[in-house]
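Biologist: Please take me through one part of this protein in detail, and then set that part against its surroundings. I would like the reasoning along with the values.

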Amino acid sequence: MDEDTRQARAAERVTSASQAGQGLRLSGSPNKRGAANDRAASDRHERTQVPSHTEDHTPLAPTALERSAQPPARKKSRRSRLAHPRPRRARKIPRNHMRIPWEEVLDDRDVLAVSASIDDKSSIICRAGLLVLSGGAGGWRVRDCMNEIARVLGVTCRVDVGLTTIECTCFGQDREIFSEGVSLTTAGVNTERLWLMEDLVRRIKAQGREFTVGEFHRLLDDIDQRGHLYNTWQVALASAFACGAFVFLLGGGPIEMACAFAGAGIGNFVRRAMTNRRLTFFAGVGASVAAACLTYLAMLAGISLVIPGAMDHEAGYIGAMLFVIPGFPLITSGLDLAKIDMRSGIERLCHAGSIIVFATLVAWLVASMVSLSPDDFEPLGLSFPVLTTLRVAASFIGVLGFSIMFNSPLKMAIAAGSIGMIANALRLSLVDVVSMPPEAAAFVGALTAGLLASAVGLRYGFPRISITVPSIVIMVPGLYMYRAVFCMGNFQTLPAMEWVLRALMIVLFLPMGLGVARALTDPAWRQSL
């Protein structure tokens, strides 16, 4: 096709499009019959007219002869592709748990909350409970927070709390009833949030009747949008110190402590990095445990190049993975069961049990591939005064590290570490000196931690759970749990059952000790109301 023919075709297309446009315009009213008729005709014209410029600039497709005459396009070199990469379209994954637009569901944000509608009051109560639940609190504490706010707002609420969900029904005046359900995307621990929420509840009890609905939500926004106190490497370093101290308390020496320090630091760094990218929870647990065990082995191999016989200290690899032991939900599940809060207690117990089983299975799989075995630690040969002093220091460092992992402010972490070093040193001394069974010693240690936490909490205003649970997490028998799974993997049935029963007894006595301490010092906890 020559150039004259292509221009003639283009002119014909322009002429036909222009005639079509004129025909559409002629379909309106050309005469002046009033402003209303003109506007109606103009509206019809705008809705039906096809813009002519879309046709004017439409390029004609080349024929096969013209395509064959064109030179082939040159491919971009590799250097050009790297210098100018093609933009990739970001893949947006829809949320499985939809975010609640709290500001959009309010009826009137400027009215006093005590005079607001029942659904606005319910949104305040449920959102406050959800923030407490996201901090890792058990069902009793979540319900207590929601009840205190409900009393200020003049409503009665019935609350059912699970691991990640809250179902609330509010009963107001004039026979108003409103039910609402909210949920979290995942379970976690944030002791600073528990502290801030407890302080907010005290403020609401004193001044809550003067707050508007919008002011309530602004206060909750400040807590909800508050980030973590520590970044990824700080949390990894805290877990490294905590697990290194944990290994010493189990009986390990300097080589085991150094390897566990490196393994726990790398492992928790991996888990925190995967959590920040919102990857699935158990993938983070499995990857972090595998990274911790392999790092321990690599560190041990490096030390063996300098210190002959270092490879015999492989028993401490268990301590490198103890940062994944879910002490917080494990302890709070026992407290919920003690208050006959069965749904929250059972869900938390199942959650903690699933993490323990999965983590220990991954550790056993890695250990079987690299031929590691949880042997007993060699005796350190220290005198009792020196051993006790080092145990006190290691207990403080371990509890301090776990508290930082739970996002505790430094002042709160130091308080928990001080309580933990007293309670845990007492527990270990009772086992060594008095030959008390480890299960009974765990009860005494937890009872001591609970009583000390009550006194410290009253003085500094810390929530009890924020300092009691971190102070006894170091007493959780992670070594027993792993040895049970290791024996199961090797089909050693009787030793596996023995380690399971030992771990179960200690796990049962820890929340029992905290419950007794709470009953002795808190009248509201003592009564079944």
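Modeller: What follows is a close look at helix 14 and its salt bridges, and then at other parts of the chain. The model is predicted.

The protein has 21 helices and 3 strands. Of its 529 residues, 46% are buried. Among contacts with a separation of 6 or more, 73% join residues 24 or more positions apart.

Helix 14 covers residues 342–370, and His351 lies in it. His351 has 17% relative accessibility and therefore counts as buried, the cut-off being under 20%. Apart from neighbours within four places in sequence, His351 is in contact with Leu163, Ala187, Phe281 and Pro329. Cys350, in contrast, counts as partly exposed because its relative accessibility is 49%.

Two salt bridges tie helix 14 to other elements. In one of them, Arg343 pairs with Asp160, with the closest N and O atoms 3.0 Å apart. This pair links distant parts of the chain, since Arg343 is in helix 14 and Asp160 is in strand 1 (residues 156–161), 183 residues apart. Arg343 is partly exposed at 26% relative accessibility, and Asp160 is partly exposed too, with a relative accessible area of 22%.

The other salt bridge joins the side chains of Arg348 and Asp336, at 3.6 Å from N to O. Arg348 belongs to helix 14 and Asp336 to helix 13, so this pair ties together parts 12 residues apart in sequence. Arg348 is buried, with a relative accessible area of 3%; Asp336 is buried as well, at 2%.

Between helix 13 and helix 14 there is a loop, and Ile340 is found in it. Ile340 has a positive phi, near 55 degrees, and is not a glycine. At 64% relative accessibility, Ile340 counts as exposed.

Arg278 also has a positive phi in a residue other than glycine, near 60 degrees. Arg278 sits in the loop between helix 11 and helix 12 and counts as exposed, at 70% relative accessibility.

The salt bridges described above belong to a wider set: a search of the whole structure finds 15. Another of them is formed by Glu198 and Arg141, whose closest N and O atoms are 3.1 Å apart. Here too distant parts of the chain are linked, with Glu198 in helix 8 (residues 191–207) and Arg141 in helix 7 (residues 139–153), 57 residues apart. Glu198 is partly exposed at 22% relative accessibility, while Arg141 is buried at 16%. A network of salt bridges links Arg141, Glu198, Asp199 and Arg202.

Disulfides are a separate matter, as the search of the whole structure finds 0 of them. Cys157 is in no disulfide, because its nearest cysteine sulfur, that of Cys168, is 4.8 Å away and the cut-off is within 2.5 Å. Cys157 is buried, with a relative accessible area of 13%.

Helix 10 (residues 232–250) is the next element to consider. Its 19 residues should span 27 Å at 1.5 Å a residue, and its end C-alpha atoms are 27 Å apart, which agrees. Of those 19 residues 14 are buried, so helix 10 is largely enclosed by the rest of the structure. Just after helix 10 comes Gly251, with a positive phi of about 120 degrees.

Helix 10 also takes part in a nonpolar surface patch. Trp233, Leu237, Phe241, Phe261, Phe269 and Ile397 make this patch, of about 570 Å². Helix 10 and helix 11 (254–276) each supply at least two of the patch residues, and helix 10 gives the most, with 3. Phe241 is found in helix 10 and counts as partly exposed at 43% relative accessibility. For the protein as a whole, the exposed area is about 28400 Å², with carbon and sulfur atoms supplying 60% of it.

Last comes Gly316, in the loop between helix 12 (281–304) and helix 13 (327–338). Gly316 counts as buried, at 0% relative accessibility. Leaving aside neighbours within four places in sequence, the contacts of Gly316 are Val247, Glu256, Ala260, Tyr296 and Phe377. Gly316 and Cys259 are 57 residues apart in sequence, while their C-alpha atoms are 7.7 Å apart in space.

How values were computed. Residues numbered from 1 in each chain as written. Predicted model: local features only at pLDDT ≥ 70, side-chain atom pairs only at ≥ 80, totals over all residues. Heavy atoms only, no water. Helix = DSSP H or I, 4+ residues; strand = E, 2+ residues; numbered from the N terminus. Buried < 20%, exposed > 50% of the residue type's maximum accessible area, 1.4 Å probe, protein only. Contact = heavy atoms within 4.5 Å. Expected span 1.5 Å × (residues − 1). Areas by Shrake-Rupley, 256 points an atom, 1.4 Å probe, with all protein chains shown as cover. Patch = residues over 30% accessible without salt bridge, like charges linked within 9 Å, V, L, I, M, F, W, Y side chains within 5 Å. Salt bridge = Lys/Arg side-chain N within 4 Å of Asp/Glu carboxyl O.
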